Amino acid sequence: MPRVAMIGGGSWATAIIKMLSDNITAKEIYWWMRNAEAIAHLQKYKHNPNYLSSVEIRIPETHISNDISEIISNADYVILNVPAAFLKETLKDITPEQLKGKKIISAIKGIVPDENLIIGEFINQKYNVPLEDIVVISGPCHAEEVALEKLSYLTIASVNVDLASTFAGLLNTRYIKTNVSDDIFGTEYAAVLKNIYAVASGICHGVGYGDNFQAVLISNAIREINRFVDIVHPISRDIKESAYLGDLLVTAYSQFSRNRTFGNMIGKGYTVKSAQLEMAMVAEGYYAVNCMHHINKKYKVDMPISRAVYAILYEKHSPHIEMRLLTEQLS
Ligand SMILES: NC(=O)C1=CN([C@@H]2O[C@H](COP(=O)(O)OP(=O)(O)OC[C@H]3O[C@@H](n4cnc5c(N)ncnc54)[C@H](OP(=O)(O)O)[C@@H]3O)[C@@H](O)[C@H]2O)C=CC1
Ligand SMILES: O=C(CO)COP(=O)(O)O
């Protein structure tokens with residue numbers, strides 16, 4: 001029987017626990033989260049008190065813990081699902097030996113700060129996990145719609161497509177369909193970048209641009225994603241596929257998007273700190289744009305939207321002025 005460990009206690013972790021539980025393949029599920037109070041609540045009431053609290057959790061009490069070593073030791077598949085900014089801290093007591101022989105699944109859409117590595121690269125380089133044992137889960141899919149059992153498609157990517165297919169088999173349900181891809185690098189980078197463009201989309205909405213301009217912004221954004229992934233990992237791919245264009249669209253337009261909500265507040269004049277406090281969830285795009293700024297010093301890809309978001313969030317440029325300057329560069 002496959003044994004799956006979830007590392008992270010937020011919305012996406014809760015949604016994937018639901019998929020794993022609703023999927024018909026028999027499996028053991030283990031769950032790590034840092035918050036002891038949330039664990040006690042979960043064990044008693046069978047709901048995550050802080051995220052997607054309508055979802056009923058049907059895993060044994062003893063399988064939920066804040067002892068990460070114990071949870072990882074139980075599993076064949078380890079799903080990493082904390083925001084990228086906190087991954088290093090979360091794994092600080094875990095050694096490469098503890099991950100040896102395990103399949104590592106990243107559900108994170110972000111870059112490890114300071115290292116400036118996507119999650120697959122980080123796990124491969126810092127924990128010596130072979131690339132063949134690494135899988136990423138991508139969207140387009142919002143946790144909130146999983147909770148409502150709305151039909152959603154996931155892309156499961158790995159250089160090892162057999163492993164990706166096997167893992168996809170643990171997620172499929174009546175409301176979850178999976179595509180398998182061998183483009184792990186393109187899928188990860190596209191998922192990181194779309195968060196930045198959703199922040200841009202929110203900023204534009206916040207400063208007063210309408211749907212006409214949003215459409216131009218997003219059609220430029222997908223070209224920006226295409227330019228970047230083509231340079232970093234030049235293989236033949238169709239950027240219109242769900243994992244790339246679809247993920248960008250859902251994040252840029254959905255009412256559930258945390259990145260767009262965050263950007264909207266910035267456009268309306270909130271500071272970064274006040275927007276983050278107001279959200280109570282994590283917008284990966286804020287961290288990602290800083291990492292991408294550094295990563296792109298190497299690749300020098302023309303990325304005017306990403307540059308504008310960086311200038312607004314990290315150089316404190318006015319959203320109004322920066323977006324007006326950006327409009328001169330789009331077509
Ligand atoms: N939500 C979604 O629909 C989707 C999310 N993802 C990705 O999933 C990953 C996790 O995001 P998501 O579940 O949405 O997160 P949420 O915004 O729902 O929750 C935030 C999570 O971050 C943790 N956290 C906050 N601050 C810290 C900190 N200082 N140190 C350690 N942990 C902290 C929280 O823990 P605590 O509760 O203990 O504070 C909580 O588990 C991200 O990479 C995201 O891009 C991917 C696809 C869909
Ligand atoms: O990645 C996601 C959907 O695919 C979630 O990110 P947002 O909440 O910012 O849209």
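Q: From which domains does the shell around ligand 2 draw its residues?
A: A shell is read by asking which parts of the chain supply it. In this predicted model, domain 1 (3-182) and domain 2 (186-327) each contribute at least three residues to the shell around ligand 2. Among helices, α9 (184-207), α11 (242-253) and α12 (258-267) each provide at least two residues, and α11 gives the most, with three.

Q: Which residues come nearest to ligand 2, and how does its shell divide by residue type?
A: Of the 15 residues around ligand 2, the nearest are Gly139, Thr251, Ser257, Arg258 and Asn259, while the shell as a whole comprises five nonpolar, seven polar and three charged residues. An unreviewed UniProt entry lists Lys109, Gly139, Lys194, Asp247, Ser257, Arg258 and Asn259 under "binding site".

Q: Is Asp247, one of those listed residues, buried or exposed?
A: Burial is read from a count of neighbours, and 20 or more other C-beta atoms within 10 Å make a residue buried. Asp247 has 25 C-beta neighbours inside 10 Å and therefore counts as buried. Asp247 belongs to helix α11 and, leaving aside neighbours within four places in sequence, is in contact with Ser138, Gly139, Pro140, Ala190, Ala191 and Lys194.

Q: Where does ligand 1 lie with respect to the two domains?
A: Domain 1 (3-182) and domain 2 (186-327) both give residues to the shell around ligand 1, so this ligand lies between them. The shell has 27 residues, the closest being Gly10, Ser11, Trp12, Phe86 and Met281, and helix α1 (residues 11-22) gives the most, with three residues.

Terms used
Residues are numbered from 1 along each chain as its sequence is written. Chains are lettered from A and ligands numbered from 1 in the order in which they are written. This is a predicted model: local features need pLDDT of at least 70, side-chain atom pairs count only at pLDDT 80 or more; totals for chains, interfaces and linings use all residues. A residue is near a molecule or strand if its C-beta atom, placed from the backbone, lies within 6 Å of it. Helices (H or I, at least four residues) and strands (E, at least two) are DSSP runs, numbered from the N terminus. Ala, Val, Leu, Ile, Met, Phe, Trp, Tyr, Cys and Pro count as nonpolar, Asp, Glu, Lys and Arg as charged, and the others, Gly among them, as polar. Domain bounds come from an automatic or database domain assignment. UniProt positions are given in the numbering used here, feature names are shortened, and annotations may be inferred rather than shown by experiment. A residue is buried if 20 or more other C-beta atoms lie within 10 Å of its own, exposed if 12 or fewer, and partly exposed in between; C-beta atoms are placed from the backbone. Two residues are in contact if their C-beta atoms, placed from the backbone, lie within 7 Å.
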